[in-house]
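Grab a coffee and work through these exercises with the model open. Each one sets a task and then walks through a solution.

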Amino acid sequence: MAQTIRIEIGTGIPSVYNVSFDLGYLSRSHIHVYTGRDFELNTIPFIWLNDSQIQCDVPINVAFNVRRIVPRNMPINDFVNGAILRDSNLDASFVQPLMILEELQDGY
């Protein structure tokens, strides 16, 4: 079972879809909704209803992807000398490589 992507089918009317992954997501900007294989070219607009649901309008019977894409070229947190280390920042810094590994396991 894929851990970083959900394939949904459009209903032709604005519908609500869950954004749930085993490890969650670190930022709303990491969630992408698109058709086909290219998340940058085939973007579907959506709105956030809350931290775990989005709403979008996709034509009836059109398959689309709800996918978490974590940045690989920069750390989620940039610690500096003397910074206070909060548990949420440390957790996110640890979870980011786990999420990247999940993407690799899913073939991305």
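**Exercise 1.** Is Leu 98 buried, partly exposed or exposed?

Before starting, note that this is a predicted model, where local features need pLDDT of at least 70, side-chain atom pairs count only at pLDDT 80 or more, and totals for chains, interfaces and linings use all residues. Residues are numbered from 1 along each chain as its sequence is written, and side-chain values use heavy atoms, with hydrogens and water left out.

*Solution.*
- Step 1: Find Leu 98 in helix α1, residues 87-105 (helices are DSSP runs of H or I, at least four residues; strands are runs of E, at least two; both are numbered from the N terminus).
- Step 2: Leu 98 has a relative accessible area of 32%, so it is partly exposed (buried is under 20%, exposed over 50%, partly exposed in between, with a 1.4 Å probe and protein chains only).
- Step 3: Look around it: Leu 98 joins Leu 23, Phe 94, Leu 101 and Leu 104 in a nonpolar surface patch of about 450 Å². For such a patch, residues need over 30% relative accessible area and no salt bridge, and nonpolar side chains are joined within 5 Å. A salt bridge puts a side-chain nitrogen of Lys or Arg within 4 Å of a carboxyl oxygen of Asp or Glu.

**Exercise 2.** Work out where Arg 68 sits and which side chain it makes a polar contact with.

*Solution.*
- Step 1: Arg 68 belongs to strand β6.
- Step 2: Its relative accessibility is 0%, so Arg 68 counts as buried.
- Step 3: The side chain of Arg 68 makes a polar contact with that of Glu 102, at 2.7 Å (N or O atoms within 3.5 Å, one able to donate a hydrogen and the other to accept it; residues adjacent in sequence count only if both atoms are side-chain atoms).
- Step 4: Beyond four places in sequence, the contacts of Arg 68 include Phe 21, Ile 31, Met 99 and Glu 103 (contact means heavy atoms within 4.5 Å).

**Exercise 3.** Describe Ile 60 and Asn 61 in the loop between β5 and β6.

*Solution.*
- Step 1: Ile 60 counts as exposed because its relative accessibility is 58%.
- Step 2: Asn 61 is exposed too, with a relative accessible area of 62%.
- Step 3: Leaving aside neighbours up to four places away, Ile 60 contacts Gly 10, Thr 11 and Gly 12, while Asn 61 touches Ile 9 and Gly 10.
- Step 4: For scale, the C-alpha atoms of Asn 61 and Phe 94 are separated by 38 Å.

Notes: Patch = residues over 30% accessible without salt bridge, like charges linked within 9 Å, V, L, I, M, F, W, Y side chains within 5 Å. Areas by Shrake-Rupley, 256 points an atom, 1.4 Å probe, with all protein chains shown as cover.
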